[in-house]
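Colleague: Got a minute? I'd like a quick tour of this one.

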Amino acid sequence: TATLDYAILERAEVALNLGEHDFTQMLPAVAEAVQRASRTEVAITCEVPPTATRIKCDAHLMETVVRNLLYNATRYARSQIRVTFAKHPDGVCELRVDDDGPGIPEADRERVFGSFVQLNESGRRKSGYGLGLAIVKRIVEWHGGSVSVSDSPLGGAGFRVVWGPHVA
């Protein structure tokens, strides 16, 4: 379904179904579903403040963002993945997905968000279509936000998604 999702996302016009959603429920539920579907030796923890009950977004599309970031992390993490969410006083929402895998080389950090991009890794079989992060980028941009990757405090890759008012 990744190619179908991507074909839909390639349409220029999209109507976001914006509403206020409870991330204290949604994020742990998506993390639990991914945990069940992935390798059991990778633990996914979720840190969401109890105040994150009215987050403005398209819930279906933002669930896709979280699911894609988590599935990507489960492919590379050694033992742990951490999902954190914060809504800053200025209304900007920040979602982070950190893992303890090998990380992403600085030279590839922009490229990983391209369509059909899969980084070459010795000894690792390619799987998927290289569309997950391209889909994430498109959805986040529709929300007026941005996505980036850097080193994770856990030692691997750290993906940061921000959206909301006045996101630069």
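Modeller: Sure. The protein chain has four helices and seven strands. Keep in mind that this is a predicted model.

Colleague: In what order do the elements run from the N terminus on?

Modeller: They go α-β-α-β-β-α-β-β-α-β-β.

Colleague: And what share of the 168 residues is buried?

Modeller: Buried residues make up 43% of the protein chain.

Colleague: Let's do strands. How many bridges join strand 2 to strand 4?

Modeller: Five. Strand 2 covers residues 43-47, strand 4 covers residues 80-87, and the two run parallel.

Colleague: Which residue in strand 4 is the bridge partner of Thr-45?

Modeller: Arg-82. On strand 5, Arg-82 stands opposite Asp-98.

Colleague: Do strand 4 and strand 5 run parallel or antiparallel?

Modeller: Antiparallel, with seven bridges joining them. They form a hairpin with five residues between the strands. In that hairpin, Gly-91 takes a positive phi near 90°.

Colleague: Where else is there a glycine with a positive phi?

Modeller: Gly-144, which follows helix 4. Its phi is near 75°.

Colleague: Since you mention helix 4, which of its residues are buried?

Modeller: Leu-133, Ala-134, Ile-135, Val-136, Ile-139 and Val-140.

Colleague: New topic: rings. How many aromatic pairs are there?

Modeller: The count comes to four. Take Phe-23 and Trp-163. Their ring centres are 6.1 Å apart and their planes sit at 45°.

Colleague: Why is that pair called tilted?

Modeller: Because of the 45° angle between the planes. Under 30 degrees would count as stacked, and over 60 as edge-to-face.

Colleague: Where do the two residues sit in the chain?

Modeller: Phe-23 is in helix 2, residues 23-37. Trp-163 is in strand 7, residues 157-163. They are 140 residues apart, so the pair links distant parts of the chain.

Colleague: Are those two buried or exposed?

Modeller: Phe-23 is buried, and Trp-163 is too.

Colleague: Which residues form an edge-to-face pair?

Modeller: Phe-113 and Phe-159 do. Their centres are 6.1 Å apart, with 85° between the planes. Phe-113 is in the loop between strand 5 (93-99) and helix 4 (132-142), while Phe-159 is in strand 7. That pair spans 46 residues and also links distant parts of the chain. Phe-113 and Phe-159 are both buried.

Colleague: Which residues do ring pairs link into a cluster?

Modeller: Phe-23, Phe-85 and Trp-163.

Colleague: Phe-85 is new to me. Where does it lie?

Modeller: In strand 4. Phe-85 has a relative accessible area of 4%, so it is buried. The cut-off for buried is under 20%. From Phe-85 to Glu-47 is 6.5 Å, C-alpha to C-alpha, though the two are 38 residues apart in sequence.

Colleague: Switching to cysteines. How many disulfides does the count come to?

Modeller: Zero. Take Cys-57: the nearest cysteine sulfur is that of Cys-93, 7.7 Å away. A disulfide needs the sulfur atoms within 2.5 Å.

Colleague: What is a disulfide, anyway?

Modeller: A covalent bond between the sulfur atoms of two cysteines.

Colleague: Is Cys-57 buried or exposed?

Modeller: Buried, because its relative accessibility is 0%. Cys-46 has a relative accessible area of 27%, so Cys-46 counts as partly exposed.

Colleague: Now pockets. What volume does the second largest pocket have?

Modeller: About 160 Å³. Its lining has 14 residues. Lys-56, Cys-57, Trp-163, Gly-164 and Pro-165 lie nearest the centre.

Colleague: Which elements give two or more residues to that lining?

Modeller: Strand 1 (18-21) and strand 3 (55-58). Strand 3 gives the most, with three residues.

Colleague: How do the lining residues divide into nonpolar, polar and charged?

Modeller: Seven are nonpolar, three are polar and four are charged.

Colleague: Last one, back on strand 3. Is Asp-58 buried or exposed?

Modeller: Buried, because its relative accessible area is 7%. Asp-58 lies in strand 3. Its C-alpha is 9.5 Å from that of Ala-15, and the two are 43 residues apart in sequence.

Colleague: Great, thanks!

Conventions
Residues numbered from 1 in each chain as written. Predicted model: local features only at pLDDT ≥ 70, side-chain atom pairs only at ≥ 80, totals over all residues. Heavy atoms only, no water. Buried < 20%, exposed > 50% of the residue type's maximum accessible area, 1.4 Å probe, protein only. 1 Å grid on protein atoms, 1.4 Å probe; cavity = no way out; pocket = protein on both sides within 12 Å on 5 of 7 lines; lining within 4 Å. Points joined across faces, edges and corners; volume = space filled by probe spheres on them. Nonpolar A, V, L, I, M, F, W, Y, C, P; charged D, E, K, R; others polar. Phe/Tyr/Trp six-rings, centres within 6.5 Å; stacked < 30°, edge-to-face > 60°. Pairing = 2+ DSSP bridges.
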